[in-house]
Structure formats: C-alpha cells, structure tokens
Amino acid sequence: MTDVKLHDIGEGMTEAEILRFFVKVGDTVKVDQPLLEVQTDKMTAELPSPNAGTVTEIKAAEGDVIEVGTTVVVLDGENGESPKAEEPSPQEKQEKPGRHKKSAKMRIPRTGRVLAAPFTRKIARDQDVDIEKIDGTGEDGRVTEEDVKAYAGGESQEEKKVEAKKAGGDRPMASPAARRLARAKGLELSEIRSNDPLGRVRAEDIRGHQEQQVTEPVEEIPFRGRRRAIAKKMTQSMYTIPHVSHFDEVDVTELFAVKQSLKTSNPEKNVSAAAFFIKALQKALQEVPIFNAKLDEDNEVIRLEKEYNIGLATDTEEGLIVPVIHNVERLSLLEIHNQMKELIQKAKDNQLKAADMSGGTFTISNVGPMGSTGATPIINYPEVGLMAFHKTKKMPVVRGDDEIVIRQMMNVSMTFDHRVADGAKAVQFTNRFIEYIESPTLLLVELV
C-alpha cells in the first residue's frame, strides 16, 4: 500500500484546500498521473501519483482544508513500484522505426478522467466548457489550452445546433410535463431559464422561475481558495503587527521627463515609472535598512536582510497575489521593467511558481493607474514595510520665490511595523525615496 500525502509544494505552506479529485476508488492510475488539485495561499497545483496502482481509498473530500503530511489517497501499488510494461507482440516488433511517433496534434483515446493543467481547467470553466468531453492533443492525451478554445469556438456550438434541430428549429426544448405545467401557469417556455446541461426546460425549472418572481435569492460567492487564503494572511498581519501609515507627496515631473527622453532616444528602452520607483526604493532601503528586515520574536532579534527582493501586489480575477522581483540591487532599470511585466502577466494567467512568490523583503502597491488618491495598506507579513503609489495629477505648486508652477504630483502611503521602527525613521526613509524620484539624475549617478 502507498499513502499519497499532501507535501510542501511551496515555501512555507502548511495547508491547502482540495479543489477537486481526478480519480475515484477503484480507478487504475499511472506514475505521475494527477490525482487531485489543491489551492494553497499562493498557487493552484496538481498532486501526481508517486507510482502505478489502484485507488483503494480516498480520505478527504472536495472543499476540505488539510495540513501538510495528511494522507489523501491510498494506492495498492507494490512497494511504490510501477507495473512492468507488457512485452510487445511480434507484429509490433516488426513495425518500422518511428512508426509509433505521434504528431503534435494527434488525438489520443481517453481511458479515464482527462489530464489537464490547472490553468487549462480554469479556461474551460471560464468558457463554460465540460473539459471531460474534450479529446486532448497534448502528450499522453493531455488537454491543452488550444484544445479548450477550439472546442468552445466550434465543437460545442455544433452540438448545440444539433440539439436545437432535433427539438424542432427555434422551438424551446422541454419535457412533456414541463409543457403541460407551462400551459397551466400561462407561461412562455422561452422565458424559462433551464438548468439542464442540454438546455431542456424541466418542470422544476418552471417552479424555480415562479419562486424567483416572488423573491429574488441572495447571490452567494464561495469563500474559499485564494480568497480565504488572502483573508487568513491579512487577519494574521493585522492582529500581529501594529500598523502605522505615513503619507507624503512626490514631484514626479523630472522623472517623467527622463522617462520620455529615454523612450524618444531609444524606443526599446521604454521604462515604466514603476521601475524607477522600485530602484529608488532599493537605494533608500540600503540607506535606511530597518525597513528591509524581519522580526524574529522567538529569538528576540531583528534581522536586516542583505538582498532586496521587492514584492508586487497584483490584482487578479482570483484575488490579490504578490510575485517577487529578486535581487533588485543587481538589476538595471530596464531589467526591473521587463521582470515586472513578466511576473504580473504570469500572475494574471495563474502561472506563477513557488519561486516567483518567495523571499520578499519589501512590497509595493502601484494603485495609481486605477485612480487612487490615498490608502492605509496592510503589510505583507512577515515584512516590515509596504509603500503604495497613488495617482499622478497636474497641480499648481509654489516654488522658489513664491512662484506658482504646474507640476506633476503623486501621493504615496508608507505603512510600517511600529514594533520594529518609529515614525521618525519612516519619514527619513520616505524623504530619501522622494529625493531620488525628484532628482532622477541623482538616481542615475548612484547606478554608475
């Protein structure tokens, strides 16, 4: 017997929620065949079978939150060894070399639940497609993203057309009982929303329709997966860290001029303003290192980190996630810009790996493009600080000898852990960041 347990699939994870099982008791599985899909606080992942065998027991249910080390599935494989491959027949031995090599798009017959990556399954759910009906063209019959899109755009529509034709053109499909009930209630079948996979109106659909006319039910959103993980981490941060927020404003006029100059002279070096912010933060953190630290209460020490790994608070359809740009001190502005774009896109596509989200020492939240003017951000525990950048707008500013000029101004919010640092340090740190942004030539000199 082999116990398949939840193992650590990401740095620091202690538990995960079971999203779905791909197998049931009695199924025969192969080595590395996905058994179930789980959601941690950082990612969605599949747990593969460590060996071939038959599923004899499933010890959890979909929706359960289990700890690392918990047995989920039991297999009857022999000492974790895979069954030996069958001896090929004489006819197979005589086949020409390369005869069995399949093309990249050859369809593989399915013998059980389909193989597909979590992101592919998400696309299928978004397209309202039953992935179990798709023949995969990937390796070992795995369903690919292209398979789902092709099915959603063509095959599923054809199935609907065939069903509609069988039902009699534009006439709504309905069971005889539903038609009698609709006539008795004076209802048009076309007004009834069907819950049947084939779109056939049933008597219970009509009764449900009438109940909705009386009172519209409250919409419910499942509180699980990443949303629940975010809630847990935010609660931990708020109840553990005494948060303090410091607000200031930054004149970004000169920085925008430098940015535009780089773009004009060489379009390939079109660096975003956020890349400048990240580099300026890294330089300020080197000078005020208390904000690039972690508090170890058990050992009563504050550890000053020597690497500058900046987390990017990123909004996705499934909730907030924080990919990390590692070793910013070693990167140029252009490298920071390119890595930032790549990580944000991977976050939105749900393709981040554990390494992409680990080791952060300070986090930023760039909410300006959405129109924010201020906030009190929650720290990404166990870090010490987080800075949010808000929208930039032109406004009159007094300069020099009471001269009023139009400048591009941006608000910033700096939240810090008051156990580790005090307000004076936060002001010192923010002021140093502002100096680099308002005098970008100073920042460029520091990079030489």
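Which residues of α10 are buried? In this predicted model, local features need pLDDT of at least 70 and side-chain atom pairs count only at pLDDT 80 or more, while totals for chains, interfaces and linings use all residues. Residues are numbered from 1 along each chain as its sequence is written, and side-chain values use heavy atoms, with hydrogens and water left out.

The buried residues of α10 (under 20% relative accessible area, 1.4 Å probe, protein chains only) are A426, F429, T430, R432, F433, I434, Y436 and I437. Helices here are DSSP runs of H or I with at least four residues, and strands are runs of E with at least two, numbered from the N terminus. Helix α10 covers residues 423-438, and its 16 residues should span 22 Å at 1.5 Å a residue (1.5 Å times one less than the number of residues); the end C-alpha atoms are 22 Å apart, which agrees.

Turning to the strands, four of them form an open sheet in the order β1-β8-β6-β3, with antiparallel pairing (two strands pair if DSSP finds at least two bridges between them). The edges are held by β1 (2-5) and β3 (28-29), each with a single partner strand, so one side of each has no neighbour in the sheet. Strand β1 is joined to β8 (residues 71-75) by four bridges, and T71 in β8 is the bridge partner of K5.

The largest cavity has a volume of about 40 Å³, and K122, R226, T316, E317, E318, A347, K348 and N350 line that cavity. A cavity is a set of points on a 1 Å grid over the protein atoms alone where a 1.4 Å probe fits but cannot get out, and lining residues have an atom within 4 Å of a point.

How values were computed
1 Å grid on protein atoms, 1.4 Å probe; cavity = no way out; pocket = protein on both sides within 12 Å on 5 of 7 lines; lining within 4 Å. Points joined across faces, edges and corners; volume = space filled by probe spheres on them. Buried < 20%, exposed > 50% of the residue type's maximum accessible area, 1.4 Å probe, protein only.
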